[in-house]
Amino acid sequence: MIRTTIKSFYIIRPLNERDIPQMRELFVSTVLNVNIRDYTREEAEDWASCGESIERWKYLLSHHVYFGVFDVDGNLTGFSSMNRDGYMHSMFVHKDRQGTGIATALLSEAERIASGYGVSEMTSEVSITARPFFEKRGFRVVRAQKQRANRLVLTNFLMRKIIG
């Protein structure tokens, strides 16, 4: 993966195990402060608890290409992923950086990686909160679904986009 900049203030680079503390913090903070708009407090807290396990993060990093957007101070402002099947497991943007183009940059990088794998479509399981963003960028809902976080079952959407 080539390092690239967004508006010369950010850099996109691959993530590794050293990035797990920042990934965990960003994930929990985003779910509790952004996704809370569309999920109950109990649902958001349960979902956020999914980010506690370091072993889970290691597993995800070993099964997907994860990449992040960092600011000039080296702070993670967003991250996403892609695997060889065209599945994007994650996309989260820091609660204070919503609407700044970071998600768009992450999605462009995910599409670039997927194209490199030669897949013809991308899929992702998208939150209620993120659905409008993905729809504006060509994703379509395949189905609404219920997925277990830890204790609770939350609504999200299986979405797909034809690429290439």
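**View 1. Phe-70 sits in strand E3.** This is a predicted model. Phe-70 is buried, with a relative accessible area of 3%. That value falls under the 20% cut-off for a buried residue. Leaving aside neighbours within four places in sequence, Phe-70 is in contact with ten residues listed here in two groups. One group is Phe-9, Tyr-10, Ile-11, Arg-13, Leu-15, Asp-19 and Gln-22. The other is Asn-75, Leu-76 and Thr-77. Asn-83 is 13 residues from Phe-70 in sequence, and their C-alpha atoms are 21 Å apart in space.

**View 2. The largest nonpolar core has 25 residues.** Met-88, Met-91, Leu-107, Met-122 and Phe-134 have the most contacts inside this core. Four strands and more supply it, as the next sentences show. Strands E2 (10-14), E3 (65-71), E6 (91-93), E7 (121-127) and E9 (153-162) each give at least two residues. Helices H4 (102-117) and H5 (131-136) also give at least two residues each. The largest share comes from H4, with 8 residues. A second, separate core has 20 residues, including Phe-27, Leu-60, Leu-61 and Phe-92. In soluble globular proteins, nonpolar side chains tend to be buried together.

**View 3. Leu-107 touches Met-88, Met-91 and Met-122, among others.** Residues up to four places away in sequence are not counted here. Three phenylalanines are also on the list: Phe-133, Phe-134 and Phe-139. Arg-137 touches Leu-107 too.

**View 4. Met-122 is found in strand E7.** Is Met-122 buried or exposed? Met-122 is buried, with a relative accessible area of 0%. Its contacts, leaving aside neighbours within four places in sequence, include Met-82, Gly-86, Met-88 and Leu-107. Ala-110, Glu-111, Ala-114 and Phe-139 are in contact with Met-122 as well. So are Met-159, Arg-160, Lys-161 and Ile-163. Ile-163 lies 41 residues from Met-122 along the chain, yet their C-alpha atoms are separated by 7.0 Å.

**View 5. Helix H1 (residues 20-33) packs with helix H2 (residues 41-48).** The angle is about 170°, and the axes are 9 Å apart. Angles over 145 degrees count as roughly antiparallel. H1 and H2 are therefore roughly antiparallel to each other. H1 brings Phe-27, Val-28, Val-31 and Leu-32 to the contact. H2 brings Ala-44, Glu-45, Trp-47 and Ala-48. The residues of this contact divide into 7 nonpolar, no polar and 1 charged.

**View 6. H1 also packs with helix H3 (residues 54-63).** Here the angle is about 105°, with the axes 11 Å apart. H1 and H3 are therefore roughly perpendicular to each other. From H1 come Ile-20, Met-23, Arg-24 and Phe-27. They meet Ile-54, Trp-57, Lys-58 and Leu-61 in H3. The residues of this contact divide into 6 nonpolar, no polar and 2 charged.

**View 7. Gln-145 lies in strand E8 (residues 140-148).** Gln-145 is buried, with a relative accessible area of 10%. Which side chain makes a polar contact with the side chain of Gln-145? The partner is Glu-125, at 2.7 Å. Gln-145 also touches Leu-154, Thr-155, Asn-156, Phe-157 and Leu-158, not counting residues up to four places away in sequence.

Methods: Residues are numbered from 1 along each chain as its sequence is written. This is a predicted model: local features need pLDDT of at least 70, side-chain atom pairs count only at pLDDT 80 or more; totals for chains, interfaces and linings use all residues. Side-chain values use heavy atoms; hydrogens and water are left out. A nonpolar core is a set of buried Ala, Val, Leu, Ile, Met, Phe, Trp, Tyr and Cys residues joined through side-chain atoms within 4.5 Å. Buried means under 20% relative accessible area, exposed over 50%, partly exposed in between (1.4 Å probe, protein chains only). Helices (H or I, at least four residues) and strands (E, at least two) are DSSP runs, numbered from the N terminus. Contact means heavy atoms within 4.5 Å. Axes are lines fitted to C-alpha atoms, for helices over the stretch in contact, and angles run from 0 to 180 degrees between N-to-C directions. Angles under 35 degrees count as roughly parallel, over 145 as roughly antiparallel, 65 to 115 as roughly perpendicular and the rest as oblique. Ala, Val, Leu, Ile, Met, Phe, Trp, Tyr, Cys and Pro count as nonpolar, Asp, Glu, Lys and Arg as charged, and the others, Gly among them, as polar. A polar contact is a pair of N or O atoms within 3.5 Å; within protein, one must be able to donate a hydrogen and the other to accept it, and residues adjacent in sequence count only if both atoms are side-chain atoms.
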